[in-house]
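Me: I have just opened this model and would like to learn how to read it. Please start with the words I need, and then I will ask about the details.

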Amino acid sequence: MAELLRQEAVEKVAEIEAQDSEGVHQEDRLSELPDDILMCILDRLAVLRDVARTSVLSKRWRHVVGLLTEITLSAADFESPVNGSKPTFDVVVQSNMDMVKAVTSILAHTSRRTIELLSLRFYLRDESIDIFRSVDHTMQNREVVKASFAVFPEMRDMVCTDDDMVIYGRRFLSFFYNYPRVFGGLKFLYISCVRLGKFDIANIFSTSIELEYLCLNNCDCGIRSLLQIEHPQLMGLKIICCAFEKVELNWLPKLQLWTYDSWMNSEDRYPLSFGYVPQPCNLRLINTGTTLHKTIKLSDFLDNAIIRQLNLDFQSGSVGDLKTRK
Amino acid sequence: MAAPESGDGNNGAARMVTLISSDNTRFEVEAAAASLSQTLQLTILDGGGGGGDGIPLPNVDSATLSKVLEYCIKHAPAAANGGAPNATAVDRAELERFDNEFVNIDQSVLYSLIMAAHNLEIEGLQSLVAKKVADMIKGKSPMEIRRTLGFPDPTPEEQAEMNAHMLEYGWAYE
């Protein structure tokens, strides 16, 4: 038995024959390294741009870029840093185009290897549809375990007008309706400054069935609209500065983290309600409210929610009672 | 972790095994150190490598093997404690210092080492050497990377191919 094992060990060692160092070019030596080792090296290059640079070295290295299992790219990586100031519109446009090219070229590889993480942050611009096209193609051919998209408006959200939100909303929906498969595979989604139709939002929830985290920042279906959510997988939900009059969490069996930050105040309605939300929730409510809104009586307000941790930040100070149930 | 039956605490009678390099040099080393290699661990657990036997490693030359073993001997005590948790900050700093110096070596040795670490499945060493090569690549232009990694200057055809490729990957070069 020992003999057998030893033999196996020796064979294992012999599997990949190390080149004799004499008379062989370094390049050859490097290119002889098995995929695993090259991957091991590339995994330690935190910046994907460095990885892409190596692909120019030889066919061998180019092939390896297709083997990457974690792909994290952000348009911000392509903005030359200007001492913390906001990027100008031209910079945004250029960086997003570079971002689109980067995603397209990296995903163009014919590798079949599972992608563990595909994390992309880009601007909500027309050319970004190529990102969706590439990812759609990739999802047809490769397993993508965790896909995470963060889509930002090309302007700062503070200066975003209603018209802008409508335009951004249309752009976003063109991505959604052209490439539903991509949305079907998303685990994490952040969107900002889009106005969508009610049915579109319902469609997004029913199509993105894998979604685990969703953040809506300054999104709505029109001022004082109603948002109803039913989703089987959603664990984390963040709604920030959205113009919904009310958010109804109708059926969210896995929800555990829920932040509601700044809602439309109303004199006679609570801004949210809980339907079937059976998991203990970490709830964070933040409102820099005015005196306009209904005095909140937490025990009514939180109704049948099971709260594990409650975080309140009400600047108007009109919290009724703080009775929470375990 | 595969600690040998006779730990290195009592009587100083730690179990030894013999490894034989491709050029037939015999290395006697504590089983605990050699067991950092996943490839060797099974054999050693099964009682192999003791006495006059020795485990032949036909793809690792003596220069590389002695370097590999230097790493294993240094890291064995920490590995026996199940990694870092019990180690004091001083121990960790000492290991880090050792690691940094350890990979400060000629590139041909580095490549032999990375192959050996891979074949012998010594995780810490693989990761250490891979990080060293990655650090050599970081933030450099393709030509700089070529020179750093000791690639010969490109032939005109290769240069043309590189240029075409750099167009496609323009985003990576600013």
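Reply: Buried means under 20% relative accessible area, exposed means over 50%, and partly exposed is in between (1.4 Å probe, protein chains only). This is a predicted model, in which local features need pLDDT of at least 70 and side-chain atom pairs count only at pLDDT 80 or more, while totals for chains, interfaces and linings use all residues. Residues are numbered from 1 along each chain as its sequence is written, chains are lettered from A and ligands numbered from 1 in the order in which they are written, and side-chain values use heavy atoms, leaving out hydrogens and water.

Me: Let's try it out. Is A:T259 buried or exposed?
Reply: You will find A:T259 in strand β9 (residues 257-261) of chain A. Strands (E, at least two residues) and helices (H or I, at least four) are DSSP runs, numbered from the N terminus. The relative accessible area of A:T259 is 12%, so the residue counts as buried.

Me: Which residues does A:T259 touch, not counting residues up to four places away in sequence?
Reply: Sequence distance can mislead here: A:T259 and A:L285 are 26 residues apart along the chain, and their C-alpha atoms are separated by 6.0 Å. A contact means heavy atoms within 4.5 Å. With that rule, A:T259 touches A:L237, A:K238, A:I239, A:R284 and A:I286.

Me: Zooming out, what share of the residues of chain A count as buried?
Reply: Chain A has 11 helices and 12 strands. In this chain, 64% of the contacts with a separation of 6 or more are between residues 24 or more positions apart. Of its 326 residues, the buried share is 52%.

Me: And what share of the residues of chain B count as buried?
Reply: Chain B has eight helices and three strands, in the order β-β-α-α-β-α-α-α-α-α-α from the N terminus on. For contacts in chain B between residues at least 6 apart in sequence, 58% join residues at least 24 apart. Of the 174 residues of chain B, the buried share is 45%.

Me: How many residues are in the largest nonpolar core?
Reply: A nonpolar core is a set of buried Ala, Val, Leu, Ile, Met, Phe, Trp, Tyr and Cys residues joined through side-chain atoms within 4.5 Å. Among those with the most contacts inside the largest one are A:L249, A:W258 and B:L149. Helix α6 (residues 123-137) of chain B gives the most to this core, with eight residues. The number of residues in this core is 139.

Me: Now charges: how many salt bridges are there over all chains?
Reply: Side chains of opposite charge can pair when their charged atoms come close. The rule used here asks for a side-chain nitrogen of Lys or Arg within 4 Å of a carboxyl oxygen of Asp or Glu. One network of salt bridges links A:R125, A:D126, A:E127, A:E154 and A:R171. Over all chains, the count of salt bridges is 16.

Me: How many residues apart in sequence are the parts that A:R195 and A:D162 tie together?
Reply: The side chains of A:R195 and A:D162 meet in a salt bridge at 3.7 Å, N to O. A:R195 lies in the loop between β4 (186-192) and α10 (198-207) of chain A, and A:D162 lies in helix α8 (residues 162-178) of chain A, so the parts they tie together are apart in sequence by 33 residues.

Me: Which helix holds both B:R97 and B:E101?
Reply: These two side chains, B:R97 and B:E101, also form a salt bridge, at 3.3 Å, N to O. B:R97 is partly exposed at 40% relative accessibility, and B:E101 is exposed at 53%. The two lie four residues apart, about one turn, in chain B's helix α4 (residues 89-102).

Me: Finally, which element gives the largest share of the lining of the largest cavity?
Reply: On a 1 Å grid over the protein atoms alone, a cavity is a set of points where a 1.4 Å probe fits but cannot get out, and lining residues have an atom within 4 Å of a point. Residues lining the largest cavity include A:L189, A:F205 and A:L216. β4, α10 and β5 of chain A each supply at least two lining residues. The largest share, three residues, comes from α10(A).

Key: 1 Å grid on protein atoms, 1.4 Å probe; cavity = no way out; pocket = protein on both sides within 12 Å on 5 of 7 lines; lining within 4 Å.
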